[in-house]
Amino acid sequence: MSETLLDVRKLNKAFGMVTAAKNLDFTFQRGVLTSVIGPNGAGKSTLINLLSGHLAPDSGEVWFQGRDITHEPVYRRVKQGLCRSFQVVNVFSNLTLFENVAIPVLAVRGKAHTLLKPVTAHKEVQADVERVLDRVGLSEQAHMPARALSHGDQRLLEVAIALAAKPRLLFLDEPTAGMNPVERTKILGNIRQVAGTGDVTFVIVEHDMDVVFSLSDRVIALHRGEIIADGTPEEIKMNPHVREVYLGEEVRI
Amino acid sequence: MNRYWIYALWGAVLAMLIALGLSAGPFVLYLAMRVMILAIFALGYNLLLGRTGLLSFGHAAFYAAGAYGLSLATIHISPHPLLGIFLGVAAAAFLALIIGFFCVRHTEIYFAMLTLAFGMMVFSLMWNARSVTGGDDGLYGITRTAISLGILKIPIYKEYQYYFVVLFFFLLSIFLIYRIYRSPFGLVLAGIRENHVRAEFAGLPVKAYRLGAFVVSGAFAGLAGTLAVLLESNITPFASHWSRSAEPVLVSLIGGLQTFTGPLVGSIVFVVLREVVERFTHNWMFWFGVILLAIIMGFRGGIVGSTAEIVKRYSRV
């Protein structure tokens, strides 16, 4: 039943003497919500950057839905359904929420180069944008500029922009960072709900172990660019190697 | 502001411009045409600067490409003004495509310096290719022959006749650029200005869109160049000098980078102010600089931007 979405083959990346990815070899299956954990500097962000096309690997291959995308530029990956959100707020600050979400919608619908017809004349684009904003609960503020939102709502918008590109596989880089408990509950509810529809497969990088263990079907633990454990949340909790790495870290498993 | 007020305002401006064409003397007409031509240049340019966030110091090259394109077409092919305008704009767009191809790989200061370097190369080509461009003498004696459309022949030789040609292209440019601002393409350009990394991750080939904006703005620069050479009847390489590239930058800054009408207002201020200052003093550049400083420092967001801010604040109270 499980279908391979992303296939990573012997991926390597080093920054000078620092190894950020060492012989990474794994797959992501459709519908399996995976978390990537690891202490600071374990190579989590590098991994997302490598897979989303922000960084080029030193060696190895990345296959997405049966296609070699190792050398494809970022925007092509996005169009095929491989998206990401960012650790820091990374939105179009001076544009309205509607416009923020409209940009990826136009891009994936292949309407972005339309020159003389107003955005509002594309009814299907408008409908898409409204649906995405509605899904994350930001439709009330659709015509406010993004910079006027609270930090937590900007993070929500961040996820909304990523969702608007109709991803099959979506990387969320610390989606709850800097959120208050209310906002955190809201965004986790969102992720659960979207994941439940089965359209989007999430891969989440997280520091917060509560989030990791409550959401994930599968957990991958990274340390110095290597996978040290890969399994169900229960298995990871019990894994002695993971406990050793995390000893003295802020997290108690 | 209310939508109907905006329509009424545009209607009033249009009526005024038509009345001006029917009644004003040659000098006022000449100034009005210079304002409109500069406005076309700056409106197109601001699509790149204000919208996409790219500062180009090389747009005089496209202005000159339009002007030389029309002149050469008039001399060698046919003096039909519409053909000349078409070929001039095409030449400018083509040149922008080539230069832009190299420039959009970079941003910020590197982009600005590259456009400057290409602009200097174009200037020196036009200066040196004497057999084609006439060297430092330029090309002259470009007359405005009648626009013939089948059986209809529209004379444009007289100042007030040509005024309506410039007005037509001025309105056409406003219409087109306004549509572009509101189009998906225009929105994407704003997104690229705001956050080009995010735009890429939204599924957009950012460089291709930057190039698109570059070519569109280059084409409008070319249109301005063709209209200017028909107005002045001659063109020299100085049209492509980099100091000329500063004009749309200043005009956009005066009027307001983040506004649609900013470059329009900026053009009026630029041309009229220069004309007035030149009356009183020989070193007009000094006083012009002082006035520019005052406007740019005193009106943050340009004249239009800061006025809109004030109106908004008062209408809220």
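## A six-stranded sheet in chain A

In this predicted model, β6(A) runs parallel to strand β7 (residues 169–173) of chain A, and three bridges join the pair. Across this pairing, Leu82(A) stands opposite Leu169(A) of β7(A). Strands of a sheet pair through backbone hydrogen bonds, and the pairing can be parallel or antiparallel.

The two strands belong to an open sheet of six strands in chain A, with the order β6-β7-β8-β3-β9-β10 and mixed pairing. The edges are taken by β6 and β10 (226–231) of chain A; each has a single partner strand, so one side of each has no neighbour in the sheet. From one strand to the next, the twist averages 20 degrees.

## A four-stranded sheet in chain A

Chain A also has an open sheet of four strands, with the order β2-β1-β4-β5 and antiparallel pairing. Its edge strands are β2 (18–29) and β5 (67–68) of chain A, each of which pairs on one side only. Inside the sheet, strand β1 (residues 4–15) of chain A is antiparallel to β4(A), and the two share five bridges. In one of these pairings, Leu6(A) has Phe64(A) of β4(A) as its bridge partner.

On the way to the edge, strand β4 (residues 59–64) of chain A pairs with β5(A), again in the antiparallel sense, over two bridges. Trp63(A) stands opposite Asp68(A), and Phe64(A) stands opposite Arg67(A). Phe64(A) thus has a partner in β5(A) as well as Leu6(A). The strands β4(A) and β5(A) form a hairpin with two residues between them. In that turn, Gln65(A) has a positive phi of about 50 degrees.

## Helix α1 and the loop after it

Is α1(A) mostly covered or mostly exposed? The helix is mostly covered, with eight of its nine residues buried. The buried residues are Lys44(A), Thr46(A), Leu47(A), Ile48(A), Asn49(A), Leu50(A), Leu51(A) and Ser52(A). Just after the helix comes Gly53(A), which takes a positive phi of about 95 degrees.

His54(A) lies in the loop between α1 (44–52) and β4 of chain A. This residue counts as partly exposed because 17 other C-beta atoms lie within 10 Å, whereas 20 or more are needed for a residue to be buried. Apart from neighbours within four places in sequence, His54(A) is in contact with Asn49(A) and Val74(A). Asn49(A) is one of the buried residues of α1(A). Asn23(A) is 31 residues from His54(A) in sequence, and the two C-alpha atoms are 19 Å apart in space.

## Helix pairs in the two chains

Two packed helices are described by the angle between their axes and the distance between the axes. In chain A, helix α3 (residues 97–109) and helix α4 (residues 123–136) have axes that come within 9 Å and cross at roughly 125 degrees. That angle makes α3(A) oblique to α4(A), and the crossing is right-handed. On the α3(A) side, the contact is made by Leu97(A), Phe98(A), Val101(A), Ala102(A), Val105(A), Leu106(A) and Arg109(A). On the α4(A) side, the residues are Val125(A), Asp128(A), Val129(A), Val132(A) and Leu133(A). By class, the contact has ten nonpolar, no polar and two charged residues.

In chain B, helix α11 (residues 242–255) packs against helix α12 (residues 262–280) at an angle of about 110 degrees, with the axes 7 Å apart. That makes α11(B) roughly perpendicular to α12(B). This crossing is right-handed. The α11(B) residues Leu250(B), Val251(B), Ser252(B), Ile254(B) and Gly255(B) meet α12(B) at residues including Gly262(B), Pro263(B), Leu264(B) and Phe270(B). The contact of α11(B) with α12(B) has eight nonpolar, five polar and no charged residues.

## Where chain A touches chain B

How many residues of chain A are in contact with chain B? There are 31, and they meet 21 residues of chain B. On the chain A side, α2 (74–80), β6 (82–84) and α3 each supply at least two residues. Which of the elements gives the largest share? That is α3(A), with seven residues.

Sorted by class, the side of chain A that touches chain B has 20 nonpolar, six polar and five charged residues. Two of the elements on this side appear above: β6(A) is an edge strand of the six-stranded sheet, and α3(A) crosses α4(A).

Note on methods. Residues are numbered from 1 along each chain as its sequence is written. Chains are lettered from A and ligands numbered from 1 in the order in which they are written. This is a predicted model: local features need pLDDT of at least 70, side-chain atom pairs count only at pLDDT 80 or more; totals for chains, interfaces and linings use all residues. Two strands pair if DSSP finds at least two bridges between them. Axes are lines fitted to C-alpha atoms, for helices over the stretch in contact, and angles run from 0 to 180 degrees between N-to-C directions. Angles under 35 degrees count as roughly parallel, over 145 as roughly antiparallel, 65 to 115 as roughly perpendicular and the rest as oblique. A crossing is left-handed if the near helix is turned anticlockwise from the far one by less than a right angle, and right-handed if clockwise. Two residues are in contact if their C-beta atoms, placed from the backbone, lie within 7 Å. Ala, Val, Leu, Ile, Met, Phe, Trp, Tyr, Cys and Pro count as nonpolar, Asp, Glu, Lys and Arg as charged, and the others, Gly among them, as polar. A residue is buried if 20 or more other C-beta atoms lie within 10 Å of its own, exposed if 12 or fewer, and partly exposed in between; C-beta atoms are placed from the backbone.
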